[in-house]
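Visitor: I have a two-part question session in mind. Could you show me the model before we begin?

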Amino acid sequence: MSKKSFRQAINEALRQEMQRDPRVILMGEDIAGGQGGTAGVVDAWGGVLGVTKGLYTEFGANRVFDTPISEASYIGAAVGAAATGLRPVAELMFVDFVGCCLDQIMNQAAKFRYMFGGKARTPLVIRAMYGAGFNAAAQHSQALYPLFTHIPGLKVVVPSSPYEAKGLLIEAIRDDDPVIFLENKVMYDDEEEVPDEPYSIPFGEANLTREGDDVTIVAFGRMVNFANEAADRLEKDGISCTVVDPRTTSPLDSATILECVEDTGRLVIVDESSPRCNMATDVAALVAEQAFDALKAPIRQVVPPHTPVPFATVLEKLYLPDSARIESAVRSVMAYKKAKQDA
Amino acid sequence: MQIAHDILLRSYRSMRTIRDFEERLHVEFATGEIPGFVHLYCGEEASAVGVCAHLTDTDTIASTHRGHGHCIAKGVGVDGMMAEIYGRKTGVCHGKGGSMHIADLSLGMLGANGIVGGGPPLICGAALSHKVLNDGGVAVAFYGDGASNEGTTLESLNLAMVWQLPAVFVCEDNGYGEATGASYACAGTQKARAAGFGMPYFDCDGTDFFAVYEAAGAAIAHARAGNGPVMLHVQLARWYGHFEGDAMTYRANGEVASLRAEHDCLKNFRQRVTEVSLLEPSALDDIDASVKDEIDAAVTAAKNAPLPEPADLEADVYVSY
């Protein structure tokens, strides 16, 4: 066990899985970097934010493949390689770039197993950065996990901490289905204690980071941290919250979410993706349909507005959900009185 | 060039099987009993067979929406294919794929593909598998003149060169992307496109089995020897419309009749091999009779095969979930 950053945890997961299984290969833009440059330096970058640094040096040119800036061809190649015996981990630098290669994910990787009558295996991981808070503006800041969650055949992982990232990435690499693994770019320097040895965290099993009696907060990815901050402050005022980190949006641990809502009777959902047809609406529908009688107050969603992610810091701060907004949503459901019944 | 006797017989059988399979589908589709879309490969048989004659089960191919010929040439059985096209549980994909998604990964058949330009990136990946696993295999992308204008195809030509993959890009140029002529839709030439990526280029008359066999042999040998990817430009023509039900109002009167009269790969094959006594006409007649029976049996079996069951609806989305 040692303190590791989110970046280091991901790097370690990749390294340990590549050591374990020679079929695991990496591909992506500048995941080594420096090929063909005048300095003659390879492994110059290790990915645009340094997440894969050192892996080319350790594993060499037959395991780590730098690609042209050509997402459709290399994401498609990762799909084809996965269907023919390798276990590729492809880095799609920013998830926003999925517009350049969605066919390969949506119509090829996700469909093979079903369309081919259960005969295909496509053990593929696509890693990509997501999220606002980096002044990266509208084309480099989206939280597109609902887009992938919508597509049958894909699994979707949104880790909330370095410990979670390592265990979930190892699970993703060992999984036999196509997995979209989304890393919040603002979290790469977050640190916590992470075991040195390999371990895996199963998909579809939510983690409760806090357990309380009054309100259930379901939060995704980085929003779990904000939910925890809000829960800590609310605790001082005697409001106790359960914070649910579903870890994966597909599969989704519906059972745990429903159990928590049955216990607390109140639900706040925190999701940094665009508000229409996102995880907040999905979880709200689940609870409205299956735990309606348990609810003591309307479900509240803490989500961004239906706009692109703005550039200016002041606007981006307004855009993103934060712990203050979560706190206020929790207080509002606590204060709710069923007006008609009381009258 | 010398071609072994057994390869000639096998290739003729494969081309005859494709022809009869497709001609029979044309008839059966008109009865309304076959659901969905069907795109026929009639007229193009020599391409799939001339290329696949050089491949083994270790090698991988990716096909197109017009994929029946590639499947048969790669060894997928007609019983399973016919049942699949009829949407039956006994189909090669258990009735969940249909005509456009027939695949058999155990034979290196990575699937027909409903997305134009879907195959070439997948073939880069299959070729990467062959290279990394060092199994001696090559990966072959069949794609049409229409798909030659897709970004995925052009990106794949580049990636295959950058990674020096054992990949073969077979452009089956039948002159039409749906209802639009290649002379309108394709700027420049396929040859110049290959040259633009520094990729070796081969071409051949795709209605002549011997021409395809020879050109494909050279192209595949180049890739298999570790010399990087190649393009094989096969010029041919389809005898039916883009899909069944297409009245082909974009084709001049007599175009298809003259193709059938003058560019029939089966007729030309028979003439060529019997003229020089490579094969006896009776050996070809026997194949014709046996294939006819095989297709009859496949259609009868498909029509009588069980339908998928309700429980199949939600099965096989994931390996585990």
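**Domains, chains and core**

Guide: In chain A, 25 residues of domain 1 are in contact with 23 residues of domain 2. In contact means that the C-beta atoms of two residues, placed from the backbone, lie within 7 Å. This is a predicted model: local features need pLDDT of at least 70, side-chain atom pairs count only at pLDDT 80 or more, and totals for chains, interfaces and linings use all residues. Residues are numbered from 1 along each chain as its sequence is written, while chains are lettered from A and ligands numbered from 1 in the order in which they are written.

Visitor: How many nonpolar residues are on the side of domain 1 of chain A that touches domain 2 of chain A?

Guide: Ala, Val, Leu, Ile, Met, Phe, Trp, Tyr, Cys and Pro count as nonpolar, Asp, Glu, Lys and Arg as charged, and the others, Gly among them, as polar. On this side, 2 residues are charged and 8 are polar. The nonpolar residues number 15.

Visitor: What are the bounds of the two domains of chain A?

Guide: The bounds come from an automatic or database domain assignment. Taken over C-alpha atoms, the centres of domain 1 and domain 2 of chain A are 27 Å apart. The bounds are 2–194 for domain 1 and 207–336 for domain 2.

Visitor: Which helix supplies the largest share of the side of chain A that touches chain B?

Guide: Here 37 residues of chain A are in contact with 37 residues of chain B. Helices are DSSP runs (H or I, at least four residues), as are strands (E, at least two), numbered from the N terminus. α3 (71–82), α4 (102–109) and α5 (112–115) of chain A each supply at least two residues of that side. The largest share, 9 residues, comes from α3(A).

Visitor: Where does the largest nonpolar core lie with respect to the domains of chain A?

Guide: A nonpolar core is a set of buried Ala, Val, Leu, Ile, Met, Phe, Trp, Tyr and Cys residues joined through C-beta atoms within 7 Å. Buried means that 20 or more other C-beta atoms lie within 10 Å of a residue's own. The core has 197 residues, and Val268(A) is one of those that touch the most other members. Domain 1 and domain 2 of chain A both give residues to this core, so it lies between them.

Visitor: What share of chain B is buried?

Guide: Chain B has 321 residues. Its secondary structure comes to 12 helices and 7 strands. The buried share is 52%.

Definitions and conventions:
Buried ≥ 20, exposed ≤ 12 C-beta atoms within 10 Å, placed from the backbone.
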